[in-house]
Amino acid sequence: MELKKNPQVDLSRDSGLYFVIGLTIVLFAVWRMLEHKTYSTAEEFVTIMQVMDDIDEEVPVTHMQTNFTPPPPPAAPDVISIVEDMEEVEETLIESTESSQDIYVDDAVVTVDEVEVVEEEEEITVPFAVIEEVPIFPGCEGLADNEARKACFNQKIQEHIKNNFKYPSTALELGIQGKVYVQFEINSKGKVAHINKRGPDKLLEDEAVRIIAMLPNMTPGNQRGRPATVRYGVPINFVMQ
């Protein structure tokens, strides 16, 4: 098929190039117009300064009031009484209480009542591992050896934890588990006191404290022949199975 027109005289052949050139010229002109800055001339500035100098501020006129009447003087009293400055004052004789060399003092006998001195016993706190006589858990009274009483004490503690252990329901629902370290004291009266706990969650700590607080009263431990406070620690492991 032959072309009807000569490609050399086709006007739409370079239309894209002309469009890009024209768009570039327009954008350049717009950019120059935006960047163009104008400044006030020196003549305009002088004119503005001269106009500002011609402004006069009106100052209000004030009048001072001169006819001022002073207040009347106070009236004098009708009767003037003369009071004497000196009045007779009765003097009070003050006797001295200081002793002198001329006064003889008899020897006085001072009696002092007998003072009873009471020695206050200091409460001793000893760890369970080094106590001379360990506390006796109920059920371990028949053992005479201290090592046997220690083993019986540990066994009774484990049985107590196992029998009273109850996993918190909220901890089960949340999937909380871990080991709670509990440290407590068996005081000189055989009672459990000062329970300290450390665990991964408060729910498990509260359950461990509840179990230890249910321990029965025991026979207190002895150190150097006197009842002593014994410190004991035990871990309680909370594991979901």
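This tour goes through a predicted model, stop by stop, with a selection to make at each one.

**The whole chain**

Begin with the protein chain in a cartoon view, where the secondary structure comes to 5 helices and 5 strands, and follow the elements from the N terminus on, in the order α-α-β-α-α-β-β-α-β-β. If you then switch to a surface view, the accessible surface of the protein chain comes to about 21,700 Å², and 55% of that area belongs to carbon and sulfur atoms. Buried residues account for 19% of the 241 residues in the chain. Of the contacts between residues at least 6 apart in sequence, 68% join residues at least 24 apart.

**Helix H1 and its nonpolar patch**

Select residues 15-35, which make up helix H1, and display the side chain of isoleucine 21, a residue of this helix that is partly exposed at a relative accessible area of 42%. Which residues form a nonpolar patch on the surface with isoleucine 21? Adding Leu17, Tyr18 and Ile25 to the selection completes the patch, and together with Ile21 these residues have about 440 Å² of accessible area.

**Strand S1 and proline 127**

Move next to residues 125-127, strand S1, and select proline 127 within that strand; its relative accessibility of 38% counts as partly exposed. Now add tyrosine 232, which is 105 residues away from proline 127 in sequence, although the two C-alpha atoms are 6.5 Å apart in space. Leaving aside neighbours within four places in sequence, the residues in contact with proline 127 are Val230 and Arg231, so that showing these side chains completes the surroundings to inspect at this stop.

**Helix H3 and lysine 150**

Select lysine 150, which is found in helix H3, residues 146-164. Is this lysine buried or exposed? Lysine 150 is buried, yet it has no salt bridge, and the nearest side chain of opposite charge, that of glutamate 147, is 4.2 Å away. Since a salt bridge requires a side-chain nitrogen of Lys or Arg within 4 Å of a carboxyl oxygen of Asp or Glu, a separation of 4.2 Å between lysine 150 and glutamate 147 does not meet the cut-off. Look instead at alanine 129, whose backbone oxygen lies 2.9 Å from a polar atom of the lysine 150 side chain. Not counting residues up to four places away in sequence, lysine 150 touches Phe128, Ala129, Ile131 and Val134, and these can be displayed together with the lysine.

**Strand S3 and histidine 194**

Select residues 192-198, which form strand S3, and centre the view on histidine 194 in that strand. The phi angle of histidine 194 is near 50°, a positive value in a residue other than glycine, and with a relative accessibility of 58% the residue counts as exposed.

**Helix H5 and its salt bridges**

How many salt bridges does the structure hold? There are 2, and to see them, select helix H5, residues 202-213. One joins aspartate 206 to lysine 202, with the closest N and O atoms 3.0 Å apart; both residues lie in H5, 4 residues apart, which is about one turn of the helix. Aspartate 206 is partly exposed at 36% relative accessibility, whereas lysine 202 is exposed at 57%.

The side chains of arginine 210 and glutamate 207 also meet in a salt bridge, at 2.7 Å from N to O, and because these two residues are 3 apart in helix H5, about one helical turn separates them. Arginine 210 is partly exposed at 34% relative accessibility, while glutamate 207, at 9%, counts as buried.

**The loops on either side of strand S4**

Select proline 220 in the loop between H5 and S4, a residue that is partly exposed with a relative accessible area of 22%. The C-alpha atom of proline 220 is separated by 6.8 Å from that of asparagine 187, which is 33 residues away along the chain. Not counting residues up to four places away in sequence, proline 220 touches Pro135, Asn187, Ser188, Lys189 and Gly190.

Finish by selecting arginine 224, which is placed in the loop between strand S4 (221-223) and strand S5 (226-238). Arginine 224 has a positive phi of about 60°, although it is not a glycine, and it is exposed, with a relative accessible area of 70%.

Terms used
Residues are numbered from 1 along each chain as its sequence is written. This is a predicted model: local features need pLDDT of at least 70, side-chain atom pairs count only at pLDDT 80 or more; totals for chains, interfaces and linings use all residues. Side-chain values use heavy atoms; hydrogens and water are left out. Buried means under 20% relative accessible area, exposed over 50%, partly exposed in between (1.4 Å probe, protein chains only). Lys and Arg count as positive and Asp and Glu as negative; His and the chain ends are not counted. A polar contact is a pair of N or O atoms within 3.5 Å; within protein, one must be able to donate a hydrogen and the other to accept it, and residues adjacent in sequence count only if both atoms are side-chain atoms. Contact means heavy atoms within 4.5 Å. Patches are made of residues with over 30% relative accessible area and no salt bridge: like charges are joined within 9 Å, nonpolar side chains (Val, Leu, Ile, Met, Phe, Trp, Tyr) within 5 Å. Accessible areas come from the Shrake-Rupley method with a 1.4 Å probe; for residues, only the protein chains shown count as cover.
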